[in-house]
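These are my notes from one sitting with the coordinates, kept in the order in which I looked things up. I began with helix packing, then turned to the metal site and to a few single residues.

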Amino acid sequence: MYEWYGERYWGAAHGLAGIMHVLLDVELKPDELEDVKGTLKYMINNCFPSGNYPISEEDRKRDVLVHWCHGAPGIALTLVKAAKVFGDKEFLDAAINAAEVVWSSGLLKRVGICHGISGNAYVFISLYQLTGNIEFLYKAKAFTCFLLDRAQKLTSAGEMHGGDSPYSMFEGMGGMAYLFLDMIDPSKARFPAYEL
Ligand SMILES: [Zn+2]
């Protein structure tokens, strides 16, 4: 299994969810597809009681991060993809449950797509595209409108974190600007450099 800094991560940026996401875009043999399915089912069956997902195999106790990089949001995007590829209701239900964690956890203090509000908005965009359920679009819009109305003011006031690299795509305003552009036509939106 893939390790990064000696840990077997689960999330989209450094671990299983990201690897499975890429594999779902590749032409796989039937036994390989079963491995992908089995891995995702293992993750679904081992999520926290809250519905959020662990950071890594080695860190199965701390239920704190709800980010694209670590936690339910990145895993939700992979589960949406799996629901599309396999047409399996179990994956769709798990994706909706993960999205519920993202919604009920509320707003992050950062603006970017890796571990900020912008990235979490893509969970709802992705589910809206798959299901056509307008509720998900409203949720994506709620996160986006908050950023549009408040991010600049709250970042200047020090109440929100502009990111260690404030203009970057993944950490800073670059990702937020990308979300704003994508919300002009959400049916064509894609998590940048990730969803194909
Ligand atoms: Zn991150």
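At roughly what angle do the axes of helix α2 and helix α4 cross, and within what distance do they come? Bearing in mind that the model is predicted, I looked up helix α2, residues 30-45, against helix α4, residues 89-105, and found that their axes come within 11 Å and cross at roughly 40°. An angle over 65 degrees would be needed for roughly perpendicular and one under 35 for roughly parallel, and I therefore entered α2 and α4 as oblique to each other. The handedness I noted for α2 passing α4 is left-handed.

Next I listed the residues in this contact: on the α2 side they are Lys37, Leu40, Lys41 and Ile44, and they meet Glu90, Phe91 and Ala94 of α4. Sorted by class, the contact of α2 with α4 holds four nonpolar and three charged residues, with no polar residue.

I then asked which residues of α2 meet α3. The α2 residues are Leu33, Val36, Lys37, Leu40, Met43 and Ile44, and their partners in α3 are Ile75, Thr78, Leu79, Ala82 and Phe86. This contact divides into nine nonpolar residues, one polar and one charged. Lys37, Leu40 and Ile44 are thus entered in my notes for the contact with α3 as well as for the contact with α4.

For the geometry of this second pair, I noted that the axes of α2 and α3 come within 12 Å and cross at roughly 135°, which makes α2 oblique to α3. The crossing of α2 and α3 is left-handed.

Which protein atoms are the donors of the zinc ion? I found SG of Cys69, SG of Cys114 and ND1 of His115, at 1.9 to 2.2 Å from the zinc ion. Along the chain, these donors follow the spacing C-x44-C-H. Cys69 belongs to the loop between α2 and α3 (72-86), whereas Cys114 belongs to the loop between α4 and α5 (117-131), so the two cysteines tie together parts that lie 45 residues apart in sequence.

Are the two cysteines, Cys69 and Cys114, buried or exposed? With the limit for buried set at under 20% relative accessible area, Cys69 counts as buried at 4% relative accessibility, and Cys114 also counts as buried, at 12%.

I went on to backbone angles and noted two residues with a positive phi that are not glycine, namely Tyr5, with phi near 55°, and Ala193, with phi of about 60°. Tyr5 is found in the segment before α1 (16-23), while Ala193 is placed in the segment after α7 (173-182). As for accessibility, I recorded Tyr5 as exposed with a relative accessible area of 71%, and Ala193 as exposed with 82%.

My last entry concerns Val85, which lies in helix α3 and counts as partly exposed at 40% relative accessibility. I also looked up how far its C-alpha atom is from that of Glu7, and the two are separated by 29 Å, with their positions 78 residues apart along the chain.

Technical notes. Residues are numbered from 1 along each chain as its sequence is written. This is a predicted model: local features need pLDDT of at least 70, side-chain atom pairs count only at pLDDT 80 or more; totals for chains, interfaces and linings use all residues. Side-chain values use heavy atoms; hydrogens and water are left out. Axes are lines fitted to C-alpha atoms, for helices over the stretch in contact, and angles run from 0 to 180 degrees between N-to-C directions. Helices (H or I, at least four residues) and strands (E, at least two) are DSSP runs, numbered from the N terminus. Angles under 35 degrees count as roughly parallel, over 145 as roughly antiparallel, 65 to 115 as roughly perpendicular and the rest as oblique. A crossing is left-handed if the near helix is turned anticlockwise from the far one by less than a right angle, and right-handed if clockwise. Contact means heavy atoms within 4.5 Å. Ala, Val, Leu, Ile, Met, Phe, Trp, Tyr, Cys and Pro count as nonpolar, Asp, Glu, Lys and Arg as charged, and the others, Gly among them, as polar. Donors are N, O and S atoms within 2.8 Å of the metal (3.2 Å for Na, K and Ca); water is not among the atoms, so sites may look incomplete. Buried means under 20% relative accessible area, exposed over 50%, partly exposed in between (1.4 Å probe, protein chains only).
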